[in-house]
Amino acid sequence: MAEYDSTAGGDPQEELAARLRLLQELSKRGVRALARDAGLSSSSLSRYLSGRTVAPWPAVIALCRLVQRDPRPLRPLWERAANPLPAPPRTSRQVQPPSPPAGAPRPPRNDLPRDVPDFTGREAQLAAVLDGVTGSRVIAVDGMAGVGKTCLAVHAAHRLAADYPDAQLYLDLHGFTEGRPPLDPDRALRTLLAALDVPSEKVPQEGGVEELSACWRSELAHRRAVLVLDNAADADQVRPLLPGAGPSVALITSRNRLLGLDEVPPVSLDVLTGQESAELLARASGETDGAAGRLARDPESTAEVLRLCGHLPLALRLAAARLRHRPGWTVGILVERMAEGPSEFDTAFAMSVRQLDRAKARLFRLLGLLPGSSFDEHVAAALADVPLRDARAMLEDLLDAHLVQQPAAGRYRLHDLVHQHARRATTEQDSPAERDRAVIRVLDYYVHAAAAADAAMPFPSLNREASVDRPAAQLPYFTDKIEALIWFGTEYLNLLAAFEAAESAGADRHMCELPRFMRTYFARRCGTTMLNGLFERSLAAAQRLGEPLQLAEAHSDLGFARYNAGRMAEASAAYEAAGLLTARATDVRAEAELAMRRGYLSWDAGYVEEPLALFRLAGKLYADAGCPMGTAHATAYEAWALLQLGHREEAIQLARTALEFPHPDGAWPPALPALITLGVALACEDPDEAADHLRRALASSREDGHKHNEAWCLNCLGVALRRMGRYEEALANHERAFALLDELFEDHWKIHFLNAYGETCRLAGLPDRAMDLHHQALDLAPKLGHRHAEALAHEGIAAILDGADPTAAAEHRAAGRAVLPESVPGA
């Protein structure tokens, strides 16, 4: 629910009624049903919705809870409606329709492929699936390749969709896709959670598959969803993906019987009967006009087509498509073409491919080399090295020939059997050099596309351009970071598959650059574990390349990933290695970025002069590199560090300087630490300006989708409010910050906020809570190498003990001084 301006004009009673009508629309209920579910009378609800009566606040809460919206933003509007000010007589005016509340839920997700119009036979099996989900809620459909497992599951899912309106999801697990491993449960669960629009902060980033599976089951527990898990390799792959308590159902397909799922009833498919095969061939080819049709006129050839297709629905549909689009063919010609191939599958596929011109046939073969599970026209253009328009036209023709599927607008995929045929065909017909060049072109594309998306989410440093060869095809265009985030989310699995393909192909430069351009996205949507793994392998690739700059940046990137994971000693070692190489590479931008990163680490390690010097050095280097936003960022962090050391006036001056730096993207917010520094520094002197700076910082973090920064802003808002003497509000903001960190499943980040929270508790008259928070910091800080936080924890405990136990307080102060480096004069 969007926040509402409590000072906005207009009739608040009418506006409130308009908001309640929007809630009714979101609920998809009539007045009587809505009243019943909200515990209201229908006559009262009618008056509230029409604006004749102001709804009581508990009624507003009840309506919001029904559609899972936060009622708090409506409170100012409700108060104005419930307590109207005297107003002059109103003239007639046109009432503007209310805008929909910000954050209104999207329509339910529906990933199901199109239901085939010629679904034939399978009455008993379909009944078994539909009846089975009523009892067990999970059904496994097994059978040989091409027998129609997916077709049956999708058809059943479409039949069930009305009873499961919250989501209809489809996921290909690639259990039998030649050339790529099955989709592991971790990636599968993240894909499914993303499909339900589960906020990233609710998705566990640490702990493995069990935590992800628990999160998935929890999300399904309050939804009525139908899930198709296609092409499962075995029971272990699919077990974590199954729904738990709740009404949702799952349909699994696999070429193997999933004997490990004892509780899941199986529905096994055999080939179609002769009559069903003939009916499907007739319907799919459009030959339904009885004796006048080609099939009826040549029953022997028709029987041979059924034999060559092995009575398999997939092969029958491919053969029928050829016959439908070749009105001049006889069924005998179709048999001749099919008989030339080595098997039922390859015969049908090869027959379809032979109807293509050379360019389309080449594209089809090369599609078998793609590392990902789905692709768009940009990828196809890069693969075949053709213009985007040509790739789009060829894909449409392949779609018409049933050689390519289109699960969603603008997205394409190959059926497993088609993929296998394409892969075999390119191995037989294209030289190893041509295949290698095609794979490299795709990897080039993904590197450059990721670089373009990363550039649309600007980071306060000078982004390096990709150094791999630029693909000939057109790259996607991203107007803003929202489009870039959507692209990264869509291509997430393909980017990881491209990284794996680069490793298999020995494409070390691509292995170095792909993770670098994905790190900004990962900081917003993924945890630190994945990023650490990618950068470890990226460093190995850079070591094989042996180029000082690539190797320096790989060490620096791995160090930053280690730092964000709380692995301080490893981060320090990586930065040390990067520093030696950066000096040899003589790259100013790389030096500046490394100086900033070493400054963060040095500050957390308890040093004072060293991080200040590093931030100042970084600012100078960024200026030399022509990156004003980088200079602003370094200046802002210098201001923040000075504020922590008590140099308030100098910190304020530097922070204001940082905000004055220009930036080419007018929509990009100013340096976040500068806003926070001013907000905390001015809290006592100018509370209004301080609050304004902190609100801007918080809004910027939320708009950017960066949850760690949002938690930082909330914590600092708590510090500022504490300095203003507004303890209850301060505590509420600290609590919000910690709730965010709990949702991120990255407890090591709490070390940055525990002592500030503890100090607020002490001044708010909560010494026991304050003592607990400082002791948590004392326990966590040594494990992470945060000596500065450890010293602050001792000082916080000493402040609590001053009145009750001066001796113990002195001991803690001495311990705090002892943990700091010698260059620091005191705690």
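Q: Is Trp640 buried or exposed?
A: In this predicted model, burial is read from relative accessible area, and a residue under 20% counts as buried. Trp640 has 15% relative accessibility, so Trp640 is buried.

Q: Which ring pairs with the ring of Trp640, and how are the two planes set?
A: Two aromatic rings are described by the distance between their centres and the angle between their planes, and an angle over 60 degrees counts as edge-to-face. The structure holds 14 aromatic pairs. In one of them, the ring centres of Trp640 and Trp712 are 5.7 Å apart and the planes stand at 85°, so this pair is edge-to-face. The pair links distant parts of the chain, with Trp640 in helix H29 (residues 628-644) and Trp712 in helix H33, 72 residues apart. Trp712 is buried as well, because its relative accessibility is 12%.

Q: Which residues form one aromatic cluster with Trp640 and Trp712?
A: The cluster also takes in Phe560, Tyr563, Tyr600, Phe615 and Tyr637.

Q: What does Asn715 touch, not counting residues up to four places away in sequence?
A: Contact is a matter of distance between heavy atoms, within 4.5 Å. Asn715 lies in helix H33 (residues 707-723). Asn715 touches His734, Ala737, His752, Phe753, Ala756 and Tyr757. The relative accessible area of Asn715 is 3%, so Asn715 counts as buried.

Q: In what order do the strands of the sheet stand?
A: The order in a sheet follows from which strands pair with each other. Here 6 strands form an open sheet, E1-E3-E4-E5-E2-E6, and the pairing is parallel. Strand E1 (109-110) and strand E6 (266-268) are at the edges with a single partner strand each, so one side of each has no neighbour in the sheet.

Q: How many bridges join the strands that pair with E3?
A: E1 and E3 pair in the parallel sense over 2 bridges, with Asn110 opposite Gln168 in E3. E3 and E4 are joined by 6 bridges, also in the parallel sense, and Leu171 stands opposite Leu229 in E4. Elsewhere in the sheet, 5 bridges join strand E2 (residues 138-142) to strand E5 (residues 249-254). In that pairing Val141 is opposite Thr253 in E5.

Q: Why is E3 described as largely enclosed?
A: A strand has two faces to check. For E3, 6 of the 6 residues are buried, so the strand is largely enclosed by the rest of the structure. One side carries Ala167, Leu169 and Leu171, the other Gln168, Tyr170 and Asp172, and all of these are buried. Helix H8 (residues 185-195) lies across E1, strand E3 (167-172) and strand E4 (225-230), running at about 155° to E3.

Q: Where does the charged end of Arg224 sit?
A: A charge and a ring are read by the distance from the charge to the ring centre. The charged end of Arg224 sits over the ring of Tyr164, 4.8 Å from its centre.

Q: Is Gly39 buried or exposed?
A: The cut-off for exposed is over 50%. Gly39 has 66% relative accessibility and therefore counts as exposed. Gly39 is in the loop between helix H2 (31-38) and helix H3 (42-50). Gly39 and Ala62 are 23 residues apart in sequence, and their C-alpha atoms are 7.8 Å apart.

Q: Is Met338 buried or exposed?
A: Met338 is in helix H15 (residues 331-339). Its relative accessibility is 0%, so Met338 counts as buried. The C-alpha atoms of Met338 and Glu304 are separated by 9.6 Å, with their positions 34 residues apart along the chain.

How values were computed. Residues are numbered from 1 along each chain as its sequence is written. This is a predicted model: local features need pLDDT of at least 70, side-chain atom pairs count only at pLDDT 80 or more; totals for chains, interfaces and linings use all residues. Side-chain values use heavy atoms; hydrogens and water are left out. Helices (H or I, at least four residues) and strands (E, at least two) are DSSP runs, numbered from the N terminus. Buried means under 20% relative accessible area, exposed over 50%, partly exposed in between (1.4 Å probe, protein chains only). Two strands pair if DSSP finds at least two bridges between them. Axes are lines fitted to C-alpha atoms, for helices over the stretch in contact, and angles run from 0 to 180 degrees between N-to-C directions. Rings of Phe, Tyr and Trp (its six-membered ring) pair if their centres lie within 6.5 Å; planes under 30 degrees apart count as stacked, over 60 as edge-to-face and the rest as tilted. A charge sits over a ring if NZ of Lys or CZ of Arg is within 6 Å of the ring centre and within 35 degrees of the ring normal.
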